[in-house]
Amino acid sequence: MTKKIVQIENVGQSFDTKKGKFVALRDVHLDIHEGESIALIGHSGCGKSTLLNLIAGLTRPTSGVMLCDGREIAGPGPERAVVFQNHSLLPWLTCFDNVFLAVERVFSAKEGKAKLKQRTHEALELVGLTHAENKYPHEISGGMKQRVGIARALSMQPRILLMDEPFGALDALTRANLQDELMKILAATKATMVMVTHDVDEAVLLSDRVVMLTNGPAATIGEILEVKIDRPRDRLALAHDAHFGDCRAAIMEFLYHKQLKRAA
Amino acid sequence: MTAAVIASRPGAGVEIETVRVAGGRNETGSEASVTVVEQKVEKVEKAEVETERNGRFGEWLQALSRAVLPPVIGLALLIGIWHLATLNGGGIPSPGKTWQAAVVLFSDPFYIDGPNDQGIGWNVLASLERVGIGFGIAALVGIPAGFLLGRFAVLSQMLNPIISLLRPVSPLAWLPIGLLVFQRADPAATWTIFICSIWPMILNTAQGVTRVPQDYLNVARVLNLSEWKIFTKILFPAVLPYMLTGIRLSIGTAWLVIVAAEMLTGGVGIGFWVWDEWNNLKVEHIIIAIFVIGIVGLVLEQILMLIARRFSYETR
């Protein structure tokens, strides 16, 4: 068994609201192994993003223990990079400067400016955006913005890449393109990834394990499905793959039969 | 149930393929239609080169008249009404008389004939200087104060009631306090400008800080940026448009207030000049002063708009 990067033990999260305590997550147990890709799937409002924010350290759990590399997660850290749903690039910085901001923070203590710039170029090259380095976010398409977001996250050389519905706001063709590119990047960097998604196909295509969450409030992990398909994966070939179909069916069964939301 | 879902899956795959084909057709279809349109445009251009040139000039003339004509008509109406109103005599001078007085006045705007008799140019500059100093100090104090108020909720809770209490107070009410503290008229006028132009800058900057999108602050947290980097790379650029709005409001108020303050304090300045000309019963000079004050205010506003546009980033 490979090394565990993140350990989530008996974690619960509740928020104080005007109507009293709201329990978002309870009894969550999950180990994330090195090099593994995990998809978190569930109906909206089930706490997928809450769980991702907990791993990112943006929020602290109200109960339980969260460890990263054996140490408690006390806040955000460069070893856990986040790609946000709405790209969250700073509009007054060029693509290069947006990525450079992250690179500078992580590596400036040890490396000179030339090396930092080189790292930034490399990160943008990895997502195929060398030509758009000096453009501002409003000058490029939604798909390109999201690629810059991915480049920014990868440039920090994180132990784990956390993605919150990274392709949710994109059209179907752009999404497919970026999924393919993400698979290549993951293969090249051997990065560990946790992705929140509501797209069943995306979950199966990109991950080794699909973690299905029950409906909130007080959501928890309902089932975990292992996707036993060798990498590299080819989306066209998978369309006729029996195991791919089984996985898809199992998730749909969970989402639309066991956890059907009545008034959503 | 599981079996049923599996069975439906290849169907879904086929569906995706058909959608793709349809998308491809669409694309080529629209491309073809674009080229057809382009060809048509070319033909039209070749056939009508001559008329095109004339047409372009005509269009340009039309656009110009559309932009210039309405304001000119408005101004002409104003002067016409003014002229009609002064036909039967009365205290208000006619447009013609005012124009003649203006020609004389602006032929030598920078004369100095004793401390209380200087050209209109000096008066305007003196007022601008007071506004500049009072407003400058207000910016130096107000903008950092606004950042602090926006960033720390405790501070804003502490100071907001006081600001709400003091903001609606007429700036002229502060003039006696200025006179008492500074013992001289000039710094008292500057103090009045300071106190009236500080509120919009504090409030707008503070509001800008509280409205920085949470996404950007999350980025700062995930990247673990230092406070200095957060300020220079995220807070300051995000707040800048709000800050510039505050500055624009402030300078407008400052220019409004300086006229009234100078009427009370005397010395050299456009406000005092208006009062002095009233004492001399040169009403046409008062009307000229009204126009001058309006134009200077307009120019200040336009300069700040220009700066704001220069620094505004485009968000989409």
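**Salt bridges and the contact between chains A and B**

The structure, a predicted model, holds 21 salt bridges over all chains.

User: Which residue of chain A forms a salt bridge with Glu34(A), and why does the pair tie together parts that are apart in sequence?

Analyst: Glu34(A) lies in the loop between β2 and β3 of chain A, while its partner lies in the loop between α4 and β7, so the pair ties together parts that are 125 residues apart in sequence. Glu34(A) counts as partly exposed at 36% relative accessibility. The closest N and O atoms are 2.9 Å apart, and the partner is Arg159(A).

User: Are Glu36(A) and Arg209(A), which meet in a salt bridge, buried or exposed?

Analyst: The side chains of Glu36(A) and Arg209(A) meet at 2.5 Å, N to O. Glu36(A) lies in the loop between β2 and β3 and Arg209(A) in strand β9, so this pair ties together parts that are 173 residues apart in sequence. Buried means under 20% relative accessible area, and both Glu36(A) and Arg209(A) are buried.

User: Which side chains meet in the salt bridge between chain A and chain B?

Analyst: Between chain A and chain B, 36 residues of the former are in contact with 25 residues of the latter, and the count of salt bridges between these chains is one. The N to O distance in that salt bridge is 3.1 Å, and the side chains that meet are those of Lys229(B) and Glu104(A).

User: Which element gives the largest share of the side of chain A that touches chain B?

Analyst: The elements that give two or more residues to that side are β6, α2, α7 and α8 of chain A. The largest share is seven residues, and it comes from α8(A).

Conventions:
Residues are numbered from 1 along each chain as its sequence is written. Chains are lettered from A and ligands numbered from 1 in the order in which they are written. This is a predicted model: local features need pLDDT of at least 70, side-chain atom pairs count only at pLDDT 80 or more; totals for chains, interfaces and linings use all residues. Side-chain values use heavy atoms; hydrogens and water are left out. Contact means heavy atoms within 4.5 Å. A salt bridge is a side-chain nitrogen of Lys or Arg within 4 Å of a carboxyl oxygen of Asp or Glu. Helices (H or I, at least four residues) and strands (E, at least two) are DSSP runs, numbered from the N terminus. Buried means under 20% relative accessible area, exposed over 50%, partly exposed in between (1.4 Å probe, protein chains only).
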